[in-house]
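Please look over the model shown here before reading on. The questions below go through its helices and a few single residues.

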Amino acid sequence: RAVSSWYYSAAKRHQSPYNDTQAIQSLHKMQNVQMAYLILTKRDKNSYSLDDVAEIFQQYDFVGVVERMSESLAVFSLLTNTPLTDTIVLDSKVNGAESTVTSTCARIQTKRKSPALGDYLATTWRNINTWDYLLYEAANLALDRTIEALGKHLVDQRVALHDAFHKRNHRECAAQAVFPCPRTKDPKTH
């Protein structure tokens, strides 16, 4: 999530081309951002504990996993008895699309993970973001257990239906959707 955030905000805001050094310097400042975002009792990022991870799951009725969005939304709809059609959204941050940051339209860059960035993320990044990784593992485990409790077959059916609705929505509605930035060949002109 942090790499995506960096591309979306820092790199896009300045429309600077991808740069390993800039990415690593920016990412190094973003430690345990998911824990800091989700925990309601704010504390120093260096003083988290397993109790804090547990507290997050006590404070929220549901924590989804972005990398498992279809499953997360299918489970959410089953738990809350929400119509699946109410969970369908259009993808707005895709390569080549335009979005606003500081009221300026800019093209979203294609994400690149160079060997240097990959090495950084696998070593230093992982070591300084232990709590985010534990939170991520806990969220995945909670999602797996919830799927098991609801019944994998039922959730799989709901995921398939969600994905079909999502594809249909994209096919039939994406061209008519109104995003903050007009579609042009040169986003810098807005």
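What follows is a set of questions and answers on this predicted model.

Q: In what order do the elements of the protein chain run from the N terminus on?
A: The protein chain holds eight helices and two strands, and 35% of its 190 residues count as buried. Read from the N terminus on, the order of these elements is α-α-α-α-α-β-β-α-α-α.

Q: What share of the contacts in the protein chain with a separation of 6 or more comes from residues 24 or more positions apart?
A: One such pairing joins Leu135 to Leu38, which lie 97 residues apart along the chain. Taken over the protein chain, residues 24 or more positions apart account for a share of 66%.

Q: How far apart are the end C-alpha atoms of helix H6, and why does that agree with its number of residues?
A: Helix H6 covers residues 115-128 and so has 14 residues, which at 1.5 Å a residue should span 20 Å. The separation in the model agrees with that expectation, because the end C-alpha atoms of H6 are apart by 19 Å.

Q: At which residue does H6 bend?
A: The buried residues of H6 are Leu117, Gly118, Tyr120, Leu121 and Trp125, and Leu121 is also among the residues of H6 that meet H7. The bend in H6 is about 40°, and it is placed at Leu121.

Q: Are H6 and H7 roughly parallel or roughly perpendicular to each other?
A: The axes of H6 and helix H7, residues 130-150, come within 5 Å and cross at roughly 90°. Because angles of 65 to 115 degrees count as roughly perpendicular, H6 and H7 are therefore roughly perpendicular.

Q: Which residues in H7 meet H6?
A: From the side of H6, the contact is made by Leu121, Trp125, Arg126, Asn127 and Ile128. By class, the contact of H6 with H7 has four nonpolar, two polar and two charged residues. The partners in H7 are Thr130, Tyr133 and Glu137.

Q: Is Asn129 buried or exposed, and what is its relative accessible area?
A: Asn129 lies in the loop between H6 and H7, where it touches Met30, Gln31 and Asn32, not counting residues up to four places away in sequence. Buried means under 20% relative accessible area, and Asn129 is therefore buried, with a value of 0%.

Q: Which helices do the buried residues of H7 pack against?
A: H7 has 21 residues and reaches 30 Å from its first C-alpha to its last, close to the 30 Å expected. Its buried residues are Trp131, Asp132, Leu135, Ala139, Asn140, Leu143 and Ile147. These buried residues pack against H3, H4, H5 and H8.

Q: Which residues is Leu135 in contact with, leaving aside its neighbours within four places in sequence?
A: Leu135 lies in helix H7 and is buried, with a relative accessible area of 4%. Leaving aside those neighbours in sequence, the contacts of Leu135 are Gln34, Met35, Leu38, Val53, Ile56 and Phe57.

Q: Does Asp61 count as buried or exposed?
A: Asp61 lies in the loop between helix H4 and helix H5, and its C-alpha atom is separated by 9.8 Å from that of Thr80, 19 residues apart along the chain. Its relative accessibility is 85%, and because a value over 50% is the condition for the term, Asp61 counts as exposed.

Note on methods: Residues are numbered from 1 along each chain as its sequence is written. This is a predicted model: local features need pLDDT of at least 70, side-chain atom pairs count only at pLDDT 80 or more; totals for chains, interfaces and linings use all residues. Side-chain values use heavy atoms; hydrogens and water are left out. Helices (H or I, at least four residues) and strands (E, at least two) are DSSP runs, numbered from the N terminus. The expected span of a helix is 1.5 Å times one less than its number of residues. The bend at a residue is the angle between axes fitted to the seven residues ending there and the seven starting there. Buried means under 20% relative accessible area, exposed over 50%, partly exposed in between (1.4 Å probe, protein chains only). Axes are lines fitted to C-alpha atoms, for helices over the stretch in contact, and angles run from 0 to 180 degrees between N-to-C directions. Angles under 35 degrees count as roughly parallel, over 145 as roughly antiparallel, 65 to 115 as roughly perpendicular and the rest as oblique. Contact means heavy atoms within 4.5 Å. Ala, Val, Leu, Ile, Met, Phe, Trp, Tyr, Cys and Pro count as nonpolar, Asp, Glu, Lys and Arg as charged, and the others, Gly among them, as polar.
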